[in-house]
Structures are given as structure tokens and as C-alpha cells.
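Colleague: I'm new to reading structures. Could you walk me through a few features?

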Amino acid sequence: MTDVSTDAGRVTVTPTEFNFVKFDADEIASLVADLATMLEITNPIRVVIDETTPLAKLSEELDGTGADATITLHAESGALEDRQHPTSFSATNSRESFGRILLRARDRLRPDFTDAPSDLDLSLEENAAWDTYCVGRLARLGVRVNQQRWRYNHRNRFGFHDGVDLAFDALWNADDLGWSAMLTTARA
């Protein structure tokens with residue numbers, strides 16, 4: 001297990017060596033630690049990567065609700081790959097993927113997100129709304145993202161009309177929404 005300690009806390013990555021993809025556990029740990037610092041997350045973080053699938057599913061879980069709760073990030077290797085070179089690591093895609101899921105974990109530590117379902121129990125609409133809210137915050141922090149990709153994802157879940165675009169823009173530009181407010185904004 002690769003283990004990196006930083007001012008933001010402690011990051012571990014499993015596996016330490018990859019057989020199916022060209023990833024480096026130390027590079028991933030460092031990238032996640034940098035994101036945690038940027039996002040002011042001090043919790044210990046475990047990153048578990050499934051390199052046996054090219055899919056791109058991400059999820060997070062917490063083993064508590066406080067500053068000492070361990071955040072576990074589960075990532076299928078496709079979420080971290082260079083889209084032009086399968087099986088090769090992309091720091092840009094990984095920053096967006098891990099940043100988004102770390103913001104979800106940070107949100108879950110807030111009292112106004114306690115009623116949010118687990119990542120695997122989210123509806124497609126809830127997932128799209130939360131993605132929009134998270135990626136918009138990442139963009140404002142300077143993480144390179146493709147806004148059109150996320151707008152299209154949002155439209156696929158909520159419809160293709162001007163009202164959906166207005167709701168997307170409101171979520172994208174929001175900073176301090178709780179779970180219920182986020183869903184209300186998404187459906188406006």
C-alpha cells in the first residue's frame with residue numbers, strides 16, 4: 001500500500017503496483033493529497049482502484065462523520081485514464097474525477113447532506129445534479145474541466161430546454177448548497 005502523509009492528512013493507494021494499466025500509486029497519492037489540500041480536507045483518505053475494468057465508475061464512502069473519519073474513494077481505472085491512450089494515466093482526468101468525488105465526501109460531512117443517499121443508491125438525476133454542483137466548484141478552483149461534457153450529462157438527465165440550462169448554470173455557479181437545496185435548484 002502506498003502511503004503519503006501531507007499537511008492535509010494521510011493518503012493511501014491500493015494496489016501499490018498495477019498490472020493492467022500504466023499507473024503509478026505514488027503519483028496518484030500525491031495528486032489526491034494535493035486535491036485534499038486545495039479542498040481543505042484533512043481526513044485520512046484511502047484510494048482503491050479497480051484496474052481490471054475500463055469502466056469509469058467512482059464512489060466514495062466515509063466510516064464516520066467527523067474530521068477523523070476515513071474517506072475511501074473507489075475508482076474504476078477508466079475514470080483515471082487518458083481518453084486518447086487507454087490504460088495510460090491522465091493527471092488531468094484524475095484531478096477532475098478525484099476532485100469531484102472528494103467534494104462529495106466533503107459535502108457528506110456537512111449536516112445538510114446527511115439525508116443524501118449513498119453514491120450507489122443515487123438516482124441518475126441526483127447523480128447528475130451533484131456532479132454539476134461539484135465540477136462547477138472545481139472549475140472555480142482552477143481545476144481543468146470540460147463544462148460542455150457536464151452540461152450534456154445534465155441535459156441527458158433533466159431534458160433539453162432552456163429551463164434545464166438555467167438550472168445547470170445555477171448549480172454550476174453555486175457554492176454552499178445543502179442536499180435539498182441542490183436538488184431543488186436542479187429541478188427549477
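Modeller: Sure, let's begin with a term: buried means under 20% relative accessible area, exposed over 50%, and partly exposed in between (1.4 Å probe, protein chains only). Here Phe18 and Phe23 are both buried. Keep in mind that this is a predicted model, where local features need pLDDT of at least 70, side-chain atom pairs count only at pLDDT 80 or more, and totals for chains, interfaces and linings use all residues. Residues are numbered from 1 along each chain as its sequence is written, and side-chain values use heavy atoms, leaving out hydrogens and water.

Colleague: How is a pair of aromatic rings described?

Modeller: By the distance of the centres and the angle of the planes. Rings of Phe, Tyr and Trp (its six-membered ring) pair if their centres lie within 6.5 Å; planes under 30 degrees apart are stacked, over 60 edge-to-face, and the rest tilted. That rule gives seven aromatic pairs. One of them, Phe18 with Phe23, is edge-to-face, at 5.5 Å centre to centre and 65 degrees between the planes. Those two also form one aromatic cluster with Phe89.

Colleague: Are Phe168 and Trp172 stacked or edge-to-face?

Modeller: Stacked: Phe168 and Trp172 sit 5.3 Å centre to centre, with 25 degrees between the planes. Both residues are buried, too.

Colleague: And what lies over the face of Tyr133?

Modeller: For a charge over a ring, NZ of Lys or CZ of Arg must be within 6 Å of the ring centre and within 35 degrees of the ring normal. Here it's Arg137, at 3.7 Å from the ring centre of Tyr133.
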